[in-house]
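Q: I would like to learn how to read the features of a structure such as this one, step by step. Could we begin with empty space and then move on to strands, burial, salt bridges and the surface?

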Amino acid sequence: MWMTIFSIVISGLITNNIIFSQTLGICPFLGVSKKLDSAVGMGLAVTFVIVLSSVVCHYLYMLLELAELTYLQTIIFILIIAALVQLLDIVLKKASPSLYTSLGVYLALITTNCAVLGTANNVVAEGYGILETVVAGLSVGLGFTLALILMAGVREKTQRAVIPKPFQGFPIALIIAGIMAMAFSGFNGLFA
Amino acid sequence: MKNSTKSTLKSVLAMSVISVVCVAVLAFGNAFIPKYKPTLDLKTATMINELLPTGLDAQTAFDNGYFEMLELDEKKLADFNKNNRAEPNNKVLAVYKVVKGDYSGYTVVEAQGQGYSGNDPISLLTAFDEGAAVFDVKVKSQRENSPGTNGIFLDKNFDNFRKFIKGKTDVGASDIEATTGATSKYSIKGVANTVKISMQMAAALNENGGKL
Amino acid sequence: MNGKTLRNAALGGILNNPVFVLVLGMCPTIAQSNSIINAFGLGCATAVVLVFSNIAISLLRKVIPDKVRLPAYIVIIATFVTIVQMVISGFLPELYASISSFIPLIVVNCIILGRAESFASKNSVLASAVDGLSMGIGFILSITLLGAIRQGLGAMGLSLFVQPAGGFIVLGFVMALFNCLMGIFKNRHKTLMEA
């Protein structure tokens, strides 16, 4: 039991990192990783949505399976995620206006962050129980945050570097991400 | 005030109509788009003929009904896969039976496994004798360039694996790793999971007289 | 029917290439470009959804109230995605086995919602269909090109390139090359670009 939980945590954070290994959620990863503080904010907001949506989708999928309507999975999951993001939008606007403005357009984009739907689908496919679902959601989200923070750290430095014109912007960011993914793949098989 | 109520009502109505139409379209699709069912084709028959030689060429054995596909209850097969899989892509796809010749009564289980999300699955044909012990294994399909699959399917490794697994009714990933000497962890896991679920299927069929 | 809109829509797949210029749909591009067949398969599935959702959304553009615009688009797109999923799993089980986890994620491919929001919701059905087709072909070409490069490098024994890390790196270099070529092209054909 604890071994399973432990391996889910390690897998979500490092060995199966949502960005570097599963390559999900690349758009916000490239978009919001220019500054460290907005990277942290975005990471935590995404983590919140991932955990909540995984839990809700976990229960809804049980209902869908009972009713033999599993072909509605995609449509229902994405609607749930959209609704949760809307909720987060309303809550943040009231609770933390400064974070709300700094996240700006990216908040709405969490709906189309494939890390969220991808994790919900994975959790359901793995047939996790509720505790495992929460742990998986949390560790995938924190893995995403970790990737964002690492990337922001490097990109703040590259802004002062001389980069050939065609490589400026996204290309150099992708190549940096590739090198980081190589580093992360070194952990493969560490905790099988 | 009245205006905003009206527009909210309109929004809710439009959304409901769209949702109902979409769900109806999906229900229609679910009912009428045919679902894939593995069948006993010549390609599979040829492989079974190599695993459990009938002494005839594949086409003749296929035409004369040496092999049969077991009709498994779809719901029961899905439940079996759900209860026995090691990872989401790990599942038994079909079971075949040899009905004539020297190996009459032997079973061949077609299953797939992955072991690592993001990779293409590997599917194997595992032949079992009448006591549900492994007789031989064959790779049915495997994408050559899948990351992590390089290595284990070099001929020598796979031959070692076949020797190791013969006569066994249970298997662990670490045993396979030790005997094959392959370096790639994930594909071994995929192969081990695939053989394992095939073994469970063979045992279950043996216990229940060829039914799930 | 505005000829200019139509021409721009038709050329959009190249000049505004969804992957290399608009930088949309990165996730499937990197994840599924590890082989030509996976890349082409997912590219086609995405293009089909894109064309049909563009047509449907353009048809409904005057009926859908602005307030529920996005959820309505998402529901429509999810429906097409599920239908495509049913068709692929029914008729192409081998392809389905390798790309199955990425088919549902077509829903959140920003190319599709992006075109729905910025093009199909404002233009006629014909122009939207052309835009969807052009963008779809642009996506298929880009992802298949990456698939070919990565599979080629992988076949030479550089297994790094079929792994996610290689996906990031190859995409970065191809994007830089595309930027370079587009820069030259734009200088030579200023009139075309301004038209």
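A: A cavity is a set of grid points where a 1.4 Å probe fits but cannot get out, whereas a pocket is an open set of points with protein on both sides. Rolling a probe the size of a water molecule over the atoms shows where empty space is left. Please keep in mind throughout that this is a predicted model.

Q: How many cavities of 30 Å³ or more does the structure hold?

A: The structure holds one cavity of 30 Å³ or more, and the volume of the largest cavity is about 60 Å³. Its lining is made up of 15 residues, and those nearest the centre are Cys27(A), Cys114(A), Cys27(C), Val108(C) and Cys110(C). Helix 2 of chain A and helix 2 of chain C, the latter spanning 26-31, each supply at least two residues of this lining.

Q: Which residues that line the second largest pocket are the closest to its centre?

A: For a pocket, I would take the volume and then the lining. The second largest pocket has a volume of about 840 Å³, and of the 33 residues that line the second largest pocket, Ala108(A), Leu109(A), Thr111(A), Thr112(A) and Leu113(C) are the closest to its centre. Among the elements that each supply at least two residues of the lining are helix 2 (26-31) and helix 6 (105-109) of chain A, together with helix 4 (69-91) and helix 6 (110-120) of chain C. Helix 4 of chain A gives the most to this lining, with six residues.

Q: Turning to chain B, how many helices and strands does this chain have, and how should the strands be read?

A: Chain B has seven helices and five strands, and from the N terminus on its elements follow the order α-α-α-β-α-β-β-β-β-α-α-α. For the strands, one asks which of them pair and in which sense. Strand 1 (residues 67-69) and strand 2 (residues 91-98) of chain B pair in the antiparallel sense over three bridges, and within this pairing Met69(B) has Tyr96(B) of strand 2 as its bridge partner. Strand 2 of chain B also runs antiparallel to strand 3 (residues 107-113) of chain B, to which six bridges join it; here Lys91(B) stands opposite Gln112(B) of strand 3.

Q: Why does Val19(C) count as buried?

A: The term buried applies to a residue under 20% relative accessible area. Val19(C) is buried because its relative accessible area is 0%, and the residue has its place in the loop between helix 1 (3-15) and helix 2 of chain C. For a whole chain one can state a share instead: of the 212 residues of chain B, 45% count as buried.

Q: How many salt bridges are there over all chains, and where do they lie?

A: A salt bridge needs a side-chain nitrogen of Lys or Arg within 4 Å of a carboxyl oxygen of Asp or Glu. By this rule there are eight salt bridges over all chains. One of them joins Lys140(B) to Glu110(B), with the closest N and O atoms 3.2 Å apart. This pair links distant parts of the chain, since Lys140(B) lies in strand 5 (residues 134-141) of chain B and Glu110(B) in strand 3 of chain B, 30 residues apart. Both Lys140(B) and Glu110(B) are buried.

Q: Which residues are linked in a network of salt bridges?

A: Asp66(C), Arg69(C) and Glu117(C) are linked in such a network. Arg69(C) forms a salt bridge with Asp66(C), the closest N and O atoms being 3.1 Å apart, and Arg69(C) also meets the side chain of Glu117(C) at 2.8 Å, N to O. The latter pair links distant parts of the chain, with Glu117(C) in helix 6 and Arg69(C) in helix 4 of chain C, 48 residues apart. Asp66(C) counts as exposed because its relative accessibility is 58%, whereas Arg69(C) counts as partly exposed at 22%, and Glu117(C) counts as partly exposed at 28%.

Q: Finally, which residues form a nonpolar patch on the surface?

A: Leu36(A), Val40(A), Leu44(A), Leu138(A), Leu142(A) and Ile149(A) form a nonpolar patch, and together they have about 450 Å² of accessible area. Two or more residues of the patch come from helix 3 (36-66) and likewise from helix 8 (130-158) of chain A. Leu36(A), which is found in helix 3 of chain A, is partly exposed because its relative accessible area is 37%.

How values were computed:
Residues are numbered from 1 along each chain as its sequence is written. Chains are lettered from A and ligands numbered from 1 in the order in which they are written. This is a predicted model: local features need pLDDT of at least 70, side-chain atom pairs count only at pLDDT 80 or more; totals for chains, interfaces and linings use all residues. Side-chain values use heavy atoms; hydrogens and water are left out. Patches are made of residues with over 30% relative accessible area and no salt bridge: like charges are joined within 9 Å, nonpolar side chains (Val, Leu, Ile, Met, Phe, Trp, Tyr) within 5 Å. Accessible areas come from the Shrake-Rupley method with a 1.4 Å probe; for residues, only the protein chains shown count as cover. Helices (H or I, at least four residues) and strands (E, at least two) are DSSP runs, numbered from the N terminus. Buried means under 20% relative accessible area, exposed over 50%, partly exposed in between (1.4 Å probe, protein chains only). Two strands pair if DSSP finds at least two bridges between them. On a 1 Å grid over the protein atoms alone, a cavity is a set of points where a 1.4 Å probe fits but cannot get out, and a pocket is an open set with protein on both sides within 12 Å along at least five of seven lines; lining residues have an atom within 4 Å of a point. Grid points are joined across faces, edges and corners, and a volume is the space filled by probe spheres set on the points.
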